[in-house]
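Visitor: I'm new here and would love a close look at a single part. Could you pick one spot and tell me what surrounds it?

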Amino acid sequence: MKKHPLFFKILIFLLLLLVIGMIRSSHKAKQEKAAASYRAQMQVSTDTTATKEATVSEETLSSEASQNGESDFSAFYAPSNDPSDYQWANDYERSEDGTACYVLDGGQNTTIFGKPVPTCEELVTLVDTNSAITDEFKPFVKNYIQTWLELWPESDLSVFRQNLSTLCIDRVSAKTIQEKAGSSGTVACYINSENRIYVSEDLELSDPASDDCIVLTHELTHAVRNGAFTKDAVRYLFRFSYNTMPGQIPEEALITLFAHTLQGRMDPAGFYTVPCNFFRIILDCLGDSYSGTDYVNHSVNLLADRMDAYMGEDHTSWEILWQLSCLYESHNGETIDNPPADYDLLLSYITRMYCKKYLSDGMPSSEAEEVFHALCNELTTNFDRLITPYDEITPEALRPYFEACCKKMGVSD
Ligand SMILES: [Zn+2]
């Protein structure tokens, strides 16, 4: 988990050109292009030695950061632009030579693992028998499992079961964490290739609602979602999204917010501030149509589809998730190739999303104004804790979009 500016690999951003091209091309061309790209990428990946392929692929699975400058594996991503794309992206995909298989959606988990979805008891037993989880962490991890399944009982924790048998939680120095994550602002990380969570040697777990508990819960959720499993000489790699924008930042925001829910934290903590501010609104508006179950059982494609369904708009969500990622990354000093010219679309979208829930037909303007203030407060929460503010997100910038919503809803003077 990162608190401050982080440095993802520049190479990932080169893929933005591909991403944009895919979004804007026609469906047919898009699918063919993505498939060709996928095969090309898989070729690159599988041309390397088996050991290197597995190592590099798994390192990129770590949602915190890659650990070295090379990245032979650089996956394409397929926008969920229509039902066939959605199906295509959510089915698990296999390289042509059959050695690696990228699993976005959990729908095939029981087939891949050859076991039914794990029960709570099964997972708790794994914690008890895993000597790499020391006694000080066992109660925390068991409580995590129980609370998760109480909140979201339909979750398929097959990938977590796989990780849990050997998962290790290590207390290390801040320097070691930053080296492992490859980022100076990282306060904890989960490295999937090691199946190991690195937390601070000073981590204090006595208060469930503390930042420290949020951090460990966040990292455990990475271990719930990211994994690798070999069966019949096929390496299955599980993930919420390909390691490209816009999947990663939305994922970080989601699991930070889920960590808040799991730990009973009411106020917003200072991690991934702007992505979390946007996603608090997104999750609030999606309500029951998006939960921890959906995050675990499905990919970023389902999230995008649910956003589109709520807004009654076709395919705008990918652009929004991408812009949010660009906003966050650029604010944190990342160089982004071909960034959006401005964030008008993002601000317009989040305003319309919020107004759709909180404005009503013919609402008096005084009441509408309260809605506007609440929206501004949500989006700028914790800005006073940031080293540099987000100049893009101000009441003045949001105002025109809000006025447009008021006009549409017949808000009266
Ligand atoms: Zn994280």
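Guide: Let's come in from the outside: Asp232 is exposed, because just 5 other C-beta atoms lie within 10 Å of its own. (Buried means 20 or more such atoms within 10 Å, exposed 12 or fewer, and partly exposed in between, with C-beta atoms placed from the backbone.) What you see is a predicted model, where local features need pLDDT of at least 70 and side-chain atom pairs 80 or more, while totals for chains, interfaces and linings use all residues. Numbering starts from 1 along each chain as its sequence is written.

Asp232 sits in the loop between strand 6 (227-231) and strand 7 (234-238). (Helices, H or I of at least four residues, and strands, E of at least two, are DSSP runs numbered from the N terminus.) Asp232 isn't a glycine, yet its phi is positive, near 50°.

Now find Asn195, in the loop between strand 4 and strand 5. Asn195 also has a positive phi, about 50°, without being a glycine. Its surroundings are another story: Asn195 counts as buried because it has 20 C-beta neighbours inside 10 Å.

That loop leads us to the part I'd like to show you, an open sheet. Three strands build this sheet, in the order 3-5-4, and their pairing is mixed. Look for strand 3 (168-172) and strand 4 (189-191) at the edges, where each of them pairs on one side only. (Strands pair if DSSP finds at least two bridges between them.) Strand 5 covers residues 196-200, and it runs antiparallel to strand 4, with three bridges linking the two. One residue to pick out here is Tyr190, whose bridge partner in strand 5 is Ile197. Against this sheet packs helix 9 (residues 174-181), which touches strand 3, strand 4 and strand 5.

Let's stop at Ile197 itself, which belongs to strand 5. Ile197 is buried, since 25 other C-beta atoms lie within 10 Å of its own. Who are its contacts, once we set aside the neighbours within four places in sequence? They are Ile169, Asp170, Ala188, Tyr190, Glu219 and Ala223. (In contact means C-beta atoms within 7 Å.) You can also trace a link across the sequence: Ile197 and Val172 are 25 residues apart along the chain, and their C-alpha atoms are separated by 9.9 Å.

While you're in this stretch of the chain, take a look at helix 10, which spans residues 211-225. Helix 10 is mostly covered, with 13 of its 15 residues buried.

To finish, here is a spot to set beside Ile197. Asp337 lies in a loop too, the one joining helix 15 (317-331) and helix 16 (344-358). With 11 other C-beta atoms within 10 Å, Asp337 is exposed. If you measure off from Asp337 to Cys326, you'll cover eleven residues in sequence, and the C-alpha atoms of the two are 9.6 Å apart in space. So back to where we stopped: Ile197 is the buried residue of strand 5 to keep in view, with its 25 C-beta neighbours within 10 Å.

Conventions:
The expected span of a helix is 1.5 Å times one less than its number of residues. Two residues are in contact if their C-beta atoms, placed from the backbone, lie within 7 Å. Axes are lines fitted to C-alpha atoms, for helices over the stretch in contact, and angles run from 0 to 180 degrees between N-to-C directions.
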